[in-house]
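Reader: I would like to go through this fold step by step, beginning with its strands and ending with the chain as a whole. Could you take my questions one at a time?

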Amino acid sequence: MTKALLLIDIQNGFCPGGNLPVADGDKVVPVANALMKSGHYDLIVASQDWHPANHGSFASQHPGAKPFDMGELNGLPQVLWPDHCVQDTGDAEFHPGLDLTAIAHVQRKGENPAVDSYSAFRDNDRAALTGLADYLKDKGVTELDLMGLATDYCVKFSALDAVDMLPGVSVRFIEDGSRGIDPQGVEAAIEEMKSAGVAIISSRDVLGG
Ligand code: VGL
Ligand code: ZN
């Protein structure tokens, strides 16, 4: 059995003070650190939202649009976000409290300005893969736990793709290690993950106590 932990987008941009802050986003940092330290995992990987400054998911690229408006990108409905996680800016860096020492692999995503990539596994149009599924298969991962930011976007889509693209791997969502953008969206995301076969767990289930 090879147990992997996938930390989704624990970046300054999604924490208080960032450009697309998630309420209490920084609260997931100590959870991630404790899980990494626990010795439970054989492999730890992290995803990083990594957009060019002209990314098409940014409202700034759509004349007349405001952040959080609904728009379109590459023929898909697209929430238009504030500029966030621009490559080589502090907003894109991992939260300074996150212990990076045990992270074996960082999967960047969202680099193509023409399509968004909520999932750490592939773009929203499902055309281009990031390579993360092959990386995890290559490592022989049999159990994958996910957590991070944001529950209703990148965590959810990564969990659904993990079920779809890693057949036979058991996938679990660590609820207290995650925070979402919209409370209703979080509830719906959890239901969607459950229906897809993702187990909903707490970090306590891993850490004991
Ligand atoms: C995310 C919106 C835009 C996320 C990334 O990490 O959940 N959400 N880009
Ligand atoms: Zn993004």
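Reader: In which sense do S2 and strand S5 pair, and over how many bridges?

Author: The model discussed here is a predicted one. In it, Asp49 stands opposite Lys109 in S5. Strand S5 covers residues 105-109, and its pairing with S2 is in the parallel sense, over 5 bridges.

Reader: Is strand S2 mostly covered or mostly open, and how many of its residues are buried?

Author: Strand S2 runs over residues 43-49, and besides S5 it also pairs with strand S1 (residues 3-8), in the parallel sense over 5 bridges. In that second pairing, Ile8 stands opposite Ser47 in S2. Strand S2 is mostly covered, the number of buried residues among its 7 being 6.

Reader: Through which helix does the chain cross from S1 to S2, and is this crossover right-handed or left-handed?

Author: Since S1 and S2 pair in the parallel sense, the path between them can be described as a β-α-β crossover. The chain passes through helix H1, residues 28-37, and the crossover is right-handed.

Reader: Which strands stand at the edges of the open sheet?

Author: The open sheet is formed by 6 strands with parallel pairing, in the order S5-S2-S1-S6-S7-S8. Two of these strands have a single partner strand each, so one side of each is left without a neighbour in the sheet. From one strand to the next the twist averages 25°, and the strands at the edges are S5 and S8 (199-201).

Reader: At about what angle does helix H3 run to S7?

Author: Strand S7 (residues 170-179) pairs with strand S6 (residues 143-149) in the parallel sense over 6 bridges, and Gly148 stands opposite Ser178 in S7. Helix H1 packs on the sheet, touching S1, S2, S6 and S7, and its direction makes about 140° with that of S7. Helix H3, which comprises residues 151-165, lies across S1, S2, S6 and S7, and its angle to S7 is about 170°.

Reader: What radius of gyration does the protein chain have, and why does it agree with a compact globule?

Author: The C-alpha trace spans about 50 × 35 × 30 Å along its principal axes, and 45% of the 209 residues count as buried. Because a compact globule with 209 residues would have a radius of gyration near 17 Å, the value for this chain agrees with that expectation, at 16 Å.

Reader: How many helices and strands are there in the protein chain?

Author: Read along the sequence, the chain follows the pattern β-α-β-β-β-β-α-β-α-β-α-β-α. The count for the protein chain is 5 helices and 8 strands.

Conventions:
Residues are numbered from 1 along each chain as its sequence is written. Chains are lettered from A and ligands numbered from 1 in the order in which they are written. This is a predicted model: local features need pLDDT of at least 70, side-chain atom pairs count only at pLDDT 80 or more; totals for chains, interfaces and linings use all residues. A residue is buried if 20 or more other C-beta atoms lie within 10 Å of its own, exposed if 12 or fewer, and partly exposed in between; C-beta atoms are placed from the backbone. Helices (H or I, at least four residues) and strands (E, at least two) are DSSP runs, numbered from the N terminus. Two strands pair if DSSP finds at least two bridges between them. A crossover is right-handed if, with the strands pointing away from the viewer, the path from the first strand over the helix to the second runs clockwise. The radius of gyration is taken over C-alpha atoms; the globule rule is 2.2 Å times the number of residues to the power 0.38. Axes are lines fitted to C-alpha atoms, for helices over the stretch in contact, and angles run from 0 to 180 degrees between N-to-C directions. Two residues are in contact if their C-beta atoms, placed from the backbone, lie within 7 Å.
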